[in-house]
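Me: Could you take a close look at one part of this protein with me, the nonpolar patch on its surface and the helices around it? I'd also like to see how that part sits against the rest of the chain.

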Amino acid sequence: MFNKILKKEKPRIFLGTLAVAPRTDFKRHLDQRGSLIHEDLDSSLRQNLKEIFSLPSASEAGEPGSNDLVLDVIVPKFQSGDSWSLSVDDFEVPLMWRPKVTVSSRLYYLKTEKTKATFTVTEKMKIGQYISRLFTWRAFLRVRPVFDANDMELLLYKACHKLLVKMQKSI
């Protein structure tokens, strides 16, 4: 009896859906003033998800076992960060938001499609790093975006790492 408990077969994990939800918030118009980075950022995040979660597809599972699992991953929210200043007469209000990525996942059984667990992780740029980036020539001249796809890629990798650690602890 104890041998069955101690020698429990580990589940195989397959990849289900990888997605980046389109932005619908108002800040998407304000992020990176006038740049065409949004479509590039979406596709960059999607490509990075494919690289991070390089698992066999659930459609290639063949004969599913009773404990085989499928992982769906989505980026429901992200923002690339920026700063603005809103002026009304002599009164000025600074508007600032940091780069941020939220990653959610669902782990479910392949055979029954019953959800085993869901996870969500949000990763933001550290406040010190954010402020230091706002006081660079790049930020003052606005020739290029202050926060770009490389910043978002780093946040995505950190968020996915935290997500995987969370999943590993729960399984």
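**A nonpolar patch and its surroundings**

Reply: Happy to. The protein chain exposes about 11,000 Å², and carbon and sulfur atoms supply 57% of that area. Please keep in mind that this is a predicted model.

Let's set the scene with the fold. The protein chain has six helices and six strands, and from the N terminus on its elements run α-β-α-α-β-β-β-β-β-α-α-α. Of the contacts in the protein chain with a separation of 6 or more, 73% join residues 24 or more positions apart. Buried residues make up 36% of the 171 residues.

Now to the patch itself. Ile127, Ile131, Phe135, Trp137, Phe140, Leu141 and Val143 form a nonpolar patch on the surface, and together they have about 870 Å² of accessible area. Two elements give two or more residues to this patch: helix H4 (127-134) and helix H5 (137-141). H5 provides the largest share, three residues.

Ile131 is a good residue to pause on. This patch member lies in helix H4. Its relative accessibility is 37%, so Ile131 counts as partly exposed, the class between 20% and 50%.

What does H4 turn inward? Its buried residues are Tyr130, Arg133 and Leu134. Seen down the helix axis, these buried residues fall within an arc of 100°, so they line one face of H4. The general background is helpful here: an α-helix has 3.6 residues a turn, so residues three or four places apart point the same way. The cover over the buried residues of H4 includes strand E3 (82-88), strand E4 (91-97), H5 and helix H6 (149-170). H5 thus appears twice in this picture, as a contributor to the patch and as part of the cover over H4's buried residues.

H6 is the link to the interior. Besides helping to cover the buried residues of H4, H6 gives seven residues to the largest nonpolar core, the largest share of that core. The core has 24 residues, and those touching the most other members are Leu49, Phe53, Val75, Phe78, Val101, Val103 and Leu156. Strand E1 (13-20), helix H3 (37-52), strand E2 (69-79), strand E5 (100-109), E6 and H6 each give two or more residues to the core. In soluble globular proteins, nonpolar side chains tend to be buried together.

Three residues show the contacts in this interior. Phe78, beyond its neighbours up to four places away in sequence, touches Val20, Ala21, Arg23, Leu41, Asp42, Leu45, Lys100, Val101 and Met152. Phe119 lies in strand E6 (residues 115-124) and, at 8% relative accessibility, counts as buried. Leaving aside neighbours within four places in sequence, Phe119 is in contact with Val103, Ser104, Ser105, Leu163, Lys166, Met167 and Ser170. The C-alpha atoms of Phe119 and Arg106 are separated by 6.5 Å, although these residues are 13 apart along the chain.

Asn48 is a polar example to finish with. It lies in helix H3 and is buried, with a relative accessible area of 5%. Beyond its neighbours within four places in sequence, Asn48 is in contact with Glu153, Leu156 and Tyr157. Leu156 is also among the core residues that touch the most other members.

How values were computed
Residues are numbered from 1 along each chain as its sequence is written. This is a predicted model: local features need pLDDT of at least 70, side-chain atom pairs count only at pLDDT 80 or more; totals for chains, interfaces and linings use all residues. Side-chain values use heavy atoms; hydrogens and water are left out. Patches are made of residues with over 30% relative accessible area and no salt bridge: like charges are joined within 9 Å, nonpolar side chains (Val, Leu, Ile, Met, Phe, Trp, Tyr) within 5 Å. Accessible areas come from the Shrake-Rupley method with a 1.4 Å probe; for residues, only the protein chains shown count as cover. A salt bridge is a side-chain nitrogen of Lys or Arg within 4 Å of a carboxyl oxygen of Asp or Glu. Helices (H or I, at least four residues) and strands (E, at least two) are DSSP runs, numbered from the N terminus. Buried means under 20% relative accessible area, exposed over 50%, partly exposed in between (1.4 Å probe, protein chains only). The arc is that of the directions from the helix axis to the C-beta atoms. Contact means heavy atoms within 4.5 Å. A nonpolar core is a set of buried Ala, Val, Leu, Ile, Met, Phe, Trp, Tyr and Cys residues joined through side-chain atoms within 4.5 Å.
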